[in-house]
Every structure is written in structure tokens, then in C-alpha cells.
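User: Hi! I'm new to reading protein models, and I'd like a close look at how the strands sit beside each other here. Could you walk me through that part and the residues around it?

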Amino acid sequence: MLAPLPDEPFATGRLFTLGADRYSQISVRTNRYSVQVRLIGRSVRAMLHASHLVVYDGREEVARHERLIAKPAG
């Protein structure tokens with residue numbers, strides 16, 4: 001007898017709480033990702049998955065990016 005599946009999906013990424021800087025970017029594991037200008041100075045949550053990053057303002061998804069594996073040159 002198997003139990004029913006949970007109502008909410010299982011989180012498969014690593015969660016970060018970050019502040020958006022004055023350039024409307026967040027820094028996750030040495031890489032920078034853009035967010036909306038309205039989020040400058042505010043905290044957002046970012047879920048880092050194997051292939052992508054999802055950024056949330058509260059429960060609203062505000063950005064989704066392909067994950068950068070290596071720090072960009074420059």
C-alpha cells in the first residue's frame with residue numbers, strides 16, 4: 001500500500017535568499033544573473049537547479065535563467 005503523493009512538488013534545487021544590487025543583478029555562486037529593475041535593494045529567493053536558476057519575489061516567479069557553470073571571464 002503506497003501513500004499518496006504530496007500536494008506540493010519536491011524541491012530539487014538549492015535555495016538562496018539574496019539582495020538585488022544597484023545594477024539589478026543577484027550573485028549566485030560567483031555568477032551574476034539579472035532581475036527586474038523594480039527589485040533593486042530588495043531581497044529575492046533563488047532556486048538553483050542543475051540546469052537553470054529560478055528567481056522569486058514572494059511566491060511570484062520573476063526571472064528564469066540557464067545556469068552558468070563557470071564564472072564568465074572579464
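Analyst: **The paired strands and their surroundings**

Happy to! Start by finding Met47, which stands opposite Val54 of strand 5. Keep in mind that you are looking at a predicted model.

That pair of residues is a good way into the strands around it. Strand 4 and strand 5 run antiparallel and are joined by 4 bridges. To get from strand 4 to strand 5, the chain makes a hairpin through 3 residues. His49 is found in the loop between these two strands. Is His49 buried or exposed? His49 counts as buried because its relative accessibility is 16%, and the cut-off for buried is under 20%. If you set aside its neighbours within four places in sequence, the residues in contact with His49 are Thr12, Gly13, Val54 and Arg67. Notice Val54 in that list: you have already met Val54 opposite Met47.

Now follow the chain onward from strand 5. Strand 5 also pairs with strand 6, again in the antiparallel sense, over 6 bridges. Here you can look for Tyr56, which has Glu61 of strand 6 opposite. The hairpin of strand 5 and strand 6 has 2 residues between the strands, and in this hairpin Gly58 takes a positive phi near 70°.

Let's step back to the whole sheet. Four strands make an open sheet in the order 1-4-5-6, with antiparallel pairing. Strand 1 and strand 6 are at the edges; each has a single partner strand, so one side of each has no neighbour in the sheet. From one strand to the next, the twist averages 25°.

A sheet also has two faces, and here is a general idea to carry with you: side chains in a regular strand alternate between the two faces of the sheet. Another helpful one is that nonpolar side chains tend to be buried together in soluble globular proteins.

With that in mind, look at the largest nonpolar core, which has 15 residues; the members that touch the most others are Leu18, Ile26, Val28, Val35, Leu39, Leu53 and Val55. Strands 1, 2, 4, 5 and 6 are the elements that each give two or more residues to this core. Which strand gives the most? Strand 4 does, with 3 residues.

Leu39 is a nice core member to zoom in on. Beyond its neighbours within four places in sequence, Leu39 is in contact with Ala20, Val44, Asp57 and Val62.

Right beside Leu39 in the numbering is Arg38, located in the loop between strand 3 and strand 4. Arg38 counts as partly exposed because its relative accessibility is 42%. With neighbours within four places in sequence left aside, Arg38 is in contact with Asp57, Glu60 and Val62. The side chain of Arg38 makes a polar contact with the Asp57 side chain at 3.2 Å, and another with the Gln36 side chain at 2.7 Å. Arg38 and Ser24 are 14 residues apart in sequence, and their C-alpha atoms are 8.0 Å apart in space.

Key:
Residues numbered from 1 in each chain as written. Predicted model: local features only at pLDDT ≥ 70, side-chain atom pairs only at ≥ 80, totals over all residues. Heavy atoms only, no water. Core = buried A, V, L, I, M, F, W, Y, C linked by side-chain atoms within 4.5 Å. Buried < 20%, exposed > 50% of the residue type's maximum accessible area, 1.4 Å probe, protein only. Contact = heavy atoms within 4.5 Å. Polar contact = N/O pair within 3.5 Å; in protein donor to acceptor, adjacent residues only side chain to side chain. Pairing = 2+ DSSP bridges. Axes fitted to C-alpha atoms, helices over the stretch in contact; angles between N-to-C directions.
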